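Me: Could you walk me through a few spots in this model, one question at a time?

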Amino acid sequence: MISLQSYPSMTDYLKSGLYKWAGDARSFDKEGPYIELVTSPNNPDGFVRHSMVNRTGGILVHDLAYYWPQYTPISSATDHDLTLFTVSKSTGHAGTRIGWALVKDPEVAKKMIKFIELSTIGVSRDSQLRAARILEVIINSSQNPGRPESGESFFKISHHLMAERWQLLREAVNRGRFFSLPEFQQGFCQFLNQVSQPQPAFAWLKCEDESVEDCESLLRDHKILTRGGRSFGVGPKYIRVSMLDRDHNFNLFLKRLASIQT
């Protein structure tokens, strides 16, 4: 499974005797307790994922950092035992360094709180207040769109911007045969009340030219910084590039990408 390869590093960092990284969930066949991480939409390819092991004795952790209407159709409300979210992906305020979890089991929640206390000596009060204010503004813009005090819906504006950027990128890629992009199926978004298709925060680009062995190096030579496929457990033909940069940088990316295909 294509996934961010920092998961193994984070899992094994503490060298705990209680757990260790066991690889791809699709090939997991060991007996006994397990923890499965489900990243949906997936980073880096943007596809919706579901649990793969599906047996008793396990704990599912759903990482829904990108499950927001500007990135993917919201098909249903989340109802998992343990779900992770972050401000950085939902609103772009990465510097605030705030995330949150929805946890059904009170005992698990207590252990998570204790771990945060021990590992961080408490979460910054300034960051908490900033994140609370950011979320308050976004909620008001969604519940009362168009009012002077709340402005336009944050998620509708963000969805429109992402749709526009993905259209421009696909147009640039389709002008030649050098690169390819994933194709996504449309779905009905319950939040926006409309049919839409995934438009991920990252583009999972593949170099189709047989003469190119390392797509990351090729793009770096053209002053485009990306993360190569090896960082995600696949070959160097693939790269991940951000779709969230400032307008000037995104337009410059499209221009330099187009120059490679000419």
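Me: Which residues does Asp209 touch, not counting residues up to four places away in sequence?
Reply: Happy to help! This is a predicted model, where local features need pLDDT of at least 70, side-chain atom pairs count only at pLDDT 80 or more, and totals for chains, interfaces and linings use all residues. Residues are numbered from 1 along each chain as its sequence is written, and side-chain values use heavy atoms, with hydrogens and water left out. Contact means heavy atoms within 4.5 Å, and with residues up to four places away set aside, Asp209 touches Phe178 and Lys237.

Me: Is Asp209 buried, partly exposed or exposed?
Reply: Buried means under 20% relative accessible area, exposed over 50%, and partly exposed in between (1.4 Å probe, protein chains only). Asp209 has 25% relative accessibility, so the residue counts as partly exposed.

Me: And Ser51: buried or exposed?
Reply: Let's apply those cut-offs again. Ser51 has a relative accessibility of 19%, so the verdict is buried.

Me: Which side chain does the side chain of Ser51 join in a polar contact of 2.9 Å?
Reply: A polar contact is a pair of N or O atoms within 3.5 Å; within protein, one must be able to donate a hydrogen and the other to accept it, and residues adjacent in sequence count only if both atoms are side-chain atoms. At 2.9 Å, the partner of Ser51 is Asn54.

Me: How far apart are the C-alpha atoms of Asp209 and Phe179?
Reply: Along the chain, Asp209 and Phe179 lie 30 residues apart. In space, their C-alpha atoms are separated by 7.5 Å.
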